[in-house]
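Biologist: Please take a close look at one part of this model for me, namely the empty space inside it and what lines that space, and then set that part among the strands and charged pairs. I would like to have the cut-offs for each term as you go.

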Amino acid sequence: MDLDIVFFGTSGSMPTAHRAPSALLVRRGGERLLFDCAEGTQRQMLRSSVGLVELREIFLTHFHADHFLGLPGMLKTFALRGRELPITIYGPAGLSELFGDLRRVFGRLTYPYELVTLRPGDVLGRDDYRIEAFAPNHGRNAVGYALVEEPRPGRFDQDAAEGLRIPIGPERGALQRGETVTLADGRLITPDSVVGEARPGRKVVLAGDTAPAASVVEASQGADLLVHEATFAEEERERAQETLHSTAAQAAEVARDAEVTLLALTHLSSRYFGPEIAEEARAIFPETVVPRDFDVVEVPFGERGSPKLVKGGASGRRVDSGPPEPVTISEETR
C-alpha cells in the first residue's frame, strides 16, 4: 500500500512568495488525511495535481491562526459544491469553542460534520493502523500525531508450501492469516511452517509546532519519517525558546535521539530560504530534507527502501532526490 506526504504549506507564521503556511496531506492507499489547514490551503490543493478532494478527516495540531485560517473557507467551498458526505475534524481541547466562532464565518453547511477533541495519549484505531495523539511543547492546547501501522504478516514461502503438499486455495490463505489448517489427508499445518516472521509496519510522525521535547522524541522513536518544525536557525535559539519553537539543530537532535530514518523540516521563518536550515540540521542528522510547497515524501515499506523526497511531486514535475544529498540555493529557490 502506497504511503506519502504532500506538503501544501511549509512556511512559518506568514506566507512568502514561495511558501504557504502550514498544511500537509497524508495519502495512504485511498485515504486522504489533511493535517492543519492554514490560509490558502484549498487554493494550494487546487493548484496541485491532487486537487480539492472530498476530505473525510481533517486534523488540527493547535489553534494559532497560521494553522486553521483556511478551514472555514474550505468548509464553505465544500458546501457550495453541494457536498453531502460527512466530515470529521479532530483537534486539541478548545475545538468546540473555536467552531462556535467559525460558524459565523462559514454559515450553514450542506453536510454534517463532527468535532472530536483529542488529548495526548488518545488513540484512534483503524483497521490496520492507528493514529496516536501526543503532547508537543507548544502550550497546553496542542497535539502532535503519529500514524503507526500494525505489523504485517511474514512472507509466504511458496517452496515450503509445495514441499508440504499444501494445495493452492483457501488453505494457503488461512495459513498466511495466521490460522492453523487441517489438510484433506488429516495433517495439521501451523502457520510457522510456511510463513516468515511478521514484518513491521511504517510510522510517520507529524509533530506540529513545538520546542524540542522528550515527548516528541518518545513519540517519534524508530519512525520512518519525522516531520518537525524548524522555524529558526541557531542564531535565533533564544527567540525559538521564547516562542516555543525549534531551531534546525534542535530538530535534528530530536531526530537523532529518536533514531528516525528521515527528518523533514518545515514551518520555516520567512527570513530563511531553506539551504541554511538544511545545512545546520545535516551537521547533526545527515538524513534531513527541507521540503518546499508541492514536494512529496514517499514512505515505502522498509524492505523496499528508505523514504525519499520527490521535488515537485504534487505539481506535475518529479525530480527524485535522495535524503542525504546536499541542497543548493538554486534548487531551493526554483
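Modeller: I will start with the enclosed spaces, then turn to the strands, a pocket and the charged side chains.

The model is predicted, so local features are reported only where pLDDT is at least 70 and side-chain atom pairs only at pLDDT 80 or more, whereas totals for chains, interfaces and linings use all residues. Numbering runs from 1 along each chain as its sequence is written, and side-chain values rest on heavy atoms, with hydrogens and water left out.

Rolling a probe the size of a water molecule over the atoms shows where empty space is left. Here the search runs on a 1 Å grid over the protein atoms alone, and a cavity is a set of points where a 1.4 Å probe fits but cannot get out, while a pocket is an open set with protein on both sides within 12 Å along at least five of seven lines; a residue lines either one if it has an atom within 4 Å of a point. Grid points are joined across faces, edges and corners, and a volume is the space filled by probe spheres set on the points. By this rule there are two cavities of 30 Å³ or more.

The largest cavity has a volume of about 190 Å³ and is lined by 19 residues, those nearest its centre being S22, L24, D36, G208 and T266. The elements that give two or more residues to this lining are β1 (3-9), β2 (23-28) and β13, where strands (E, at least two residues) and helices (H or I, at least four) are DSSP runs numbered from the N terminus. The largest contribution to that lining, three residues, comes from β13. By class, the lining of the largest cavity has eight nonpolar, eight polar and three charged residues, with Ala, Val, Leu, Ile, Met, Phe, Trp, Tyr, Cys and Pro counted as nonpolar, Asp, Glu, Lys and Arg as charged, and the others, Gly among them, as polar.

The second largest cavity, with a volume of about 40 Å³, is lined by V26, F35, I131, Y145, A146, L147, V204 and L206. Its lining has eight nonpolar, no polar and no charged residues. Both β9 and β12 supply at least two residues of this lining, and β9 gives the most, with three.

The strands named here also meet in a sheet. Seven strands form an open sheet with mixed pairing, in the order β7-β8-β9-β12-β13-β14-β15, two strands being paired if DSSP finds at least two bridges between them. The edges are held by β7 and β15 (288-289), each with a single partner strand, so one side of each is left without a neighbour in the sheet. Within the sheet, β12 (residues 203-206) runs parallel to β13 (residues 225-229), and three bridges join them. V204, which was listed in the lining of the second largest cavity, has L225 in β13 as its bridge partner.

Open space can be described in the same terms. The second largest pocket has a volume of about 170 Å³, and of its 13 lining residues S13, T231, F232, S269 and R271 are the closest to its centre. The lining of this pocket comprises three nonpolar, eight polar and two charged residues.

As for charged pairs, the structure holds 22 salt bridges, a salt bridge being a side-chain nitrogen of Lys or Arg within 4 Å of a carboxyl oxygen of Asp or Glu. In one of them, the side chains of E57 and R126 meet at 2.6 Å, N to O. E57 lies in strand β4 (residues 57-59) and R126 in the loop between β7 (123-125) and β8 (129-134), so the pair ties together parts that are 69 residues apart in sequence. With a relative accessible area of 11%, E57 is buried, whereas R126, at 23%, is partly exposed; buried means under 20%, exposed over 50% and partly exposed in between, with a 1.4 Å probe and protein chains only.

R130 forms a salt bridge with E150, their closest N and O atoms being 3.0 Å apart. Since R130 is in strand β8 and E150 in the loop between β9 (144-149) and α4 (158-163), the pair ties together parts that are 20 residues apart in sequence. E150 is partly exposed at 32% relative accessibility, and R130 is partly exposed at 25%.
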